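Visitor: I have a protein chain open here and would like to walk through it slowly. Could you guide me?

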Amino acid sequence: MEYSLRADGNRVVLDVIACADKSLIGLTLGDSTFMSISVDELYSIIKKVSGEREFNLLTRKLIDNGLVSEAKKEIIIMETAGSCAENQCLRHHILQLLRLYKPFDIYSCYMTCYRYDGKDLKYGGNIKIAKHEHASYNFYMKSYNLTKEEFEEFPRWVRAHYVFGEQRNNNRLFLQIIQLYDEAFLVGFTELEFIMLFTILEMIFGSGRTENTYQISRGTALILSKTKNEMQAVYTSMKKLYSIRSQYVHKGKTIKREDLDELRNYVRLVILKLIEFEYYNADRSFEELIEKITFTGYGMFVL
């Protein structure tokens, strides 16, 4: 599909998206839309607006992030057009929201912007660089994809879970949890990512008064389960995952990617529960959450 330059003279931001497949094309939130562009078209835009030096940087970024090869002639970009402050804020969180929607990585590996009035194509001015950036591309990563149902549901899901641009999102511990969840995608080292994700669960459920294995396993199971069987299954899985963590920490045993994926999904679901029950608010206490988990039996737990 040929990319059409916007000719209204407004600034347009282009994010080159890594780890995305064609199922995201057409997804729109606010002023941002996912679309496909040929590598040659993108090269042409960069040469015109930024010159040869920036063209060389883009080339290196595309290669480093596995986006250019003989078989890959099209890449996914996120185009953000318009000057609405609220939608510009949303742009900085769309990829973060996608990582919470499904437990897979997706990120912007390069950004540029332009202005075009139908005659002159110019650089669009400074843009705020996103913090989420990989030091190196991890070729294990799966392409981020959405089913038709997930694609249609995502905008509605965002309305229920987008709290990052709001002033009320000022619970420091919650912000640290979100930051650590994002950064656990970046390191490219399975064992370290695994430890970072368990650190999140310890921040949420750990009191220092009881064994972490029990507190984390029970807390996760209570929050995520609706039936006794579900609770038993989650509790058993979390104890298994914590044992894997201990085997690495104390004996240096390697951790499998499938175990990392399983843990990441549990952490994601717990974070979504925190959002659902507004633990991003400063007046919500995680110590209160721990007390509820400690003294609540199955079937009685309400955040």
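**A walk through the chain**

Guide: Let us begin with one residue, keeping in mind that this is a predicted model: Arg-264 is found in helix 9, which covers residues 257-276.

Visitor: Is Arg-264 buried or exposed, and why?

Guide: Arg-264 counts as buried because its relative accessibility is 2%, and the cut-off for buried is under 20% relative accessible area.

Visitor: Which residues is Arg-264 in contact with?

Guide: Leaving aside neighbours within four places in sequence, Arg-264 is in contact with Pro-103, Tyr-181, Ala-184, Phe-185, Glu-193, Leu-197 and Arg-257. Two of these, Glu-193 and Leu-197, are listed among the buried residues of helix 6.

Visitor: Okay, helix 6 then. What span should it have?

Guide: Helix 6 has 16 residues, and at 1.5 Å a residue they should span 22 Å; the end C-alpha atoms are 23 Å apart, so the two values agree.

Visitor: And what covers its buried residues?

Guide: The cover includes helix 5 (172-183), helix 7, helix 8, helix 9 and helix 10.

Visitor: Can you pick one residue of helix 6 for me to look at?

Guide: Ile-200, which has its place in helix 6, is a good one to click on, and it is buried because its relative accessible area is 0%. Not counting residues up to four places away in sequence, Ile-200 touches Ile-177, Leu-180, Tyr-181 and Val-267.

Visitor: How many residues apart are Ile-200 and Leu-180 in sequence?

Guide: Ile-200 and Leu-180 are 20 residues apart in sequence, while in space the distance from C-alpha to C-alpha is 7.1 Å.

Visitor: Next one along: how many residues of helix 7 are buried?

Guide: Helix 7 is mostly covered, with 12 of its 13 residues buried, and among them are Asn-212, Arg-218, Gly-219 and Leu-224. The elements that cover these buried residues include helix 6 (190-205), helix 8 (228-251), helix 9 and helix 10 (286-295).

Visitor: Does its length work out as well, I mean, what are the numbers for helix 7?

Guide: For residues 212-224 the expected span is 18 Å at 1.5 Å a residue, and the end C-alpha atoms of helix 7 are 18 Å apart, which agrees.

Visitor: Let's switch to strands. In what order do they sit in the sheet?

Guide: The 6 strands form an open sheet in the order 2-3-4-1-5-6, and the pairing is antiparallel. Strand 2 (28-29) and strand 6 (121-123) are the edge strands, each of which pairs on one side only.

Visitor: How many bridges join strand 1 to strand 5?

Guide: There are 8 bridges between strand 1 (residues 11-18) and strand 5 (residues 107-116), which run antiparallel. To find two of the pairs on your screen, look for Asp-15, whose bridge partner in strand 5 is Met-111, and for Val-13, which stands opposite Cys-113.

Visitor: What about strand 5 and strand 6, how many bridges there?

Guide: Strand 5 and strand 6 pair in the antiparallel sense over 3 bridges, and Tyr-116 stands opposite Leu-121 in strand 6. In the hairpin of these two strands, 4 residues lie between the strands, and Gly-118 takes a positive phi near 95°.

Visitor: Which helix lies across these strands?

Guide: Helix 1 (residues 39-50) lies across strand 1, strand 3, strand 4, strand 5 and strand 6, and it runs at about 105° to strand 3.

Visitor: Last one, for the whole chain: how many helices and strands?

Guide: The secondary structure comes to 10 helices and 6 strands, and 50% of the 303 residues count as buried.

Conventions: Residues are numbered from 1 along each chain as its sequence is written. This is a predicted model: local features need pLDDT of at least 70, side-chain atom pairs count only at pLDDT 80 or more; totals for chains, interfaces and linings use all residues. Side-chain values use heavy atoms; hydrogens and water are left out. Buried means under 20% relative accessible area, exposed over 50%, partly exposed in between (1.4 Å probe, protein chains only). Contact means heavy atoms within 4.5 Å. The expected span of a helix is 1.5 Å times one less than its number of residues. Two strands pair if DSSP finds at least two bridges between them. Axes are lines fitted to C-alpha atoms, for helices over the stretch in contact, and angles run from 0 to 180 degrees between N-to-C directions.
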